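Biologist: I would like to learn how to read a protein model one residue at a time. Could we walk through this one together?

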Amino acid sequence: PHIVTLPIERRTRFRLEEFALLGNIVDDPGGLWVRADSDIRDFASLLAAARARPSTIGYGTTGVGSDDHLAMLALERKSGASFLHVPFGGSAQVKQNLLSRAIPVAVMNVAEGVFEMRQGVLRVLAQMGATRWPVLAEVPTLRELGFDVVEGSMRGMAAPAGIPPEALARRALSVRRTVEDPEFQAAAVQQNLPLRFLAPEPYLAELLALRAGYQALWDAHPWRE
């Protein structure tokens with residue numbers, strides 16, 4: 001999430017400490033996508049191609065420092081393979097350039113490619129959740145494939161820091177009740193959004209852990225290009 005990555009790489013007007021978290025709602029794991037007719041048939045063949053032709057297998061992401069980009073940096077470090085980063089301004093551009101054959105691989109959140117996968121035009125090689133997303137139950141995680149890379153896009157809600165405790169509690173309860181509402185859950189399923197509610201305290205603990213991990217990655221391999 002940008003709330004923890006951007007302040008590491010540049011001077012920003014905000015930091016995590018300036019917010020009072022209300023709850024995480026969505027945790028959309030990353031995924032490695034290719035066209036359905038690609039010669040890259042599985043994750044092993046992707047690694048083999050990258051090792052045979054270092055820094056030539058292009059992968060599209062939503063930009064330098066995005067969760068997609070950071071996931072691939074971690075994968076490169078752990079696998080010894082070298083890819084070519086091709087950043088775009090958004091996931092729609094990434095998908096468009098994959099479908100038009102401008103790039104051979106896209107690194108997108110799993111929810112962003114499910115529709116095209118069901119249409120038979122995209123194929124996912126691996127997902128980056130800690131466990132398999134049930135919608136892609138047949139697709140292995142990178143962790144299962146031997147590479148401890150867990151990455152995705154967490155999306156939640158927050159209020160300004162310093163909000164009175166009783167007001168914070170009411171708003172956090174509203175977020176929880178919304179996520180637990182069957183109508184909301186049905187809408188999330190329809191939109192292929194992986195729900196993962198976290199209450200304020202565990203949400204903060206996870207973001208702090210993520211920030212520590214990203215800081216260590218930055219110290220070892222600054223991702224600004």
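Modeller: Gladly! Let us begin with a term: helices, of at least four residues, and strands, of at least two, are DSSP runs numbered from the N terminus. Please keep in mind that this is a predicted model.

Biologist: Then where does Arg101 lie?

Modeller: Two elements frame Arg101: helix H4, covering 91-99, and strand S4, covering 105-109. Arg101 therefore belongs to neither run, and its place is the loop between H4 and S4.

Biologist: Is Arg101 buried or exposed?

Modeller: Exposed means over 50% relative accessible area. Arg101 has a relative accessibility of 52%, so Arg101 counts as exposed.

Biologist: What is the phi of Arg101?

Modeller: Most residues other than glycine have a negative phi. Arg101 is not a glycine, yet its phi is positive, at about 70°.

Biologist: Asn192 has a positive phi too, about 55°, although it is not a glycine. Is Asn192 buried or exposed?

Modeller: Asn192 is found in the loop between H7 and strand S7, which covers 195-198. Buried means under 20% relative accessible area. Asn192 has 11% relative accessibility, so the word for it is buried.

Biologist: Let us turn to Ser38. Which backbone nitrogen lies 3.0 Å from a polar atom of its side chain?

Modeller: Ser38 sits in the loop between strand S1 (19-35) and helix H2 (43-52). With 8% relative accessibility, Ser38 counts as buried. A polar atom of its side chain lies 3.0 Å from the backbone nitrogen of Ile40.

Biologist: And Gln127, is it buried or exposed?

Modeller: Gln127 is part of strand S5, residues 122-127. Its relative accessible area is 0%, so Gln127 is buried.

Biologist: Which backbone oxygen does the side chain of Gln127 reach?

Modeller: Leaving aside neighbours within four places in sequence, Gln127 has contacts that include Gly30, Val110, Trp133 and Val139. One of these residues also offers a backbone oxygen at 2.8 Å from the side chain of Gln127. That oxygen belongs to Val139.

Biologist: Now the helices. Are H1 and H8 roughly parallel or roughly antiparallel?

Modeller: Two packed helices are described by the angle between their axes and the distance between the axes. Helix H1 (residues 2-9) and helix H8 (residues 200-220) pack with their axes 9 Å apart, at an angle of about 30°. That makes H1 and H8 roughly parallel.

Biologist: How do the residues of the contact of H1 with H8 divide?

Modeller: H1 brings Ile3, Val4, Thr5, Ile8 and Glu9, which meet Leu207, Arg211, Tyr214, Gln215 and Trp218 of H8. By residue class, they divide into six nonpolar, two polar and two charged.

Biologist: At what angle do H6 and H7 pack?

Modeller: Helix H6 spans residues 165-180 and helix H7 spans residues 182-190. Their axes are 5 Å apart, and the angle is about 65°.

Biologist: Which residues of H7 make that contact?

Modeller: On the H6 side, the contact is made by Thr178, Val179 and Glu180. Those of H7 are Pro182, Phe184 and Gln185.

Biologist: One last residue: how many Å apart in space are Ser174 and Leu22?

Modeller: Ser174 lies in helix H6, and Ser174 is partly exposed, with a relative accessible area of 42%. In sequence, Ser174 and Leu22 are 152 residues apart. In space, C-alpha to C-alpha, they are 8.8 Å apart.

Notes. Residues are numbered from 1 along each chain as its sequence is written. This is a predicted model: local features need pLDDT of at least 70, side-chain atom pairs count only at pLDDT 80 or more; totals for chains, interfaces and linings use all residues. Side-chain values use heavy atoms; hydrogens and water are left out. Buried means under 20% relative accessible area, exposed over 50%, partly exposed in between (1.4 Å probe, protein chains only). A polar contact is a pair of N or O atoms within 3.5 Å; within protein, one must be able to donate a hydrogen and the other to accept it, and residues adjacent in sequence count only if both atoms are side-chain atoms. Contact means heavy atoms within 4.5 Å. Axes are lines fitted to C-alpha atoms, for helices over the stretch in contact, and angles run from 0 to 180 degrees between N-to-C directions. Angles under 35 degrees count as roughly parallel, over 145 as roughly antiparallel, 65 to 115 as roughly perpendicular and the rest as oblique. Ala, Val, Leu, Ile, Met, Phe, Trp, Tyr, Cys and Pro count as nonpolar, Asp, Glu, Lys and Arg as charged, and the others, Gly among them, as polar.
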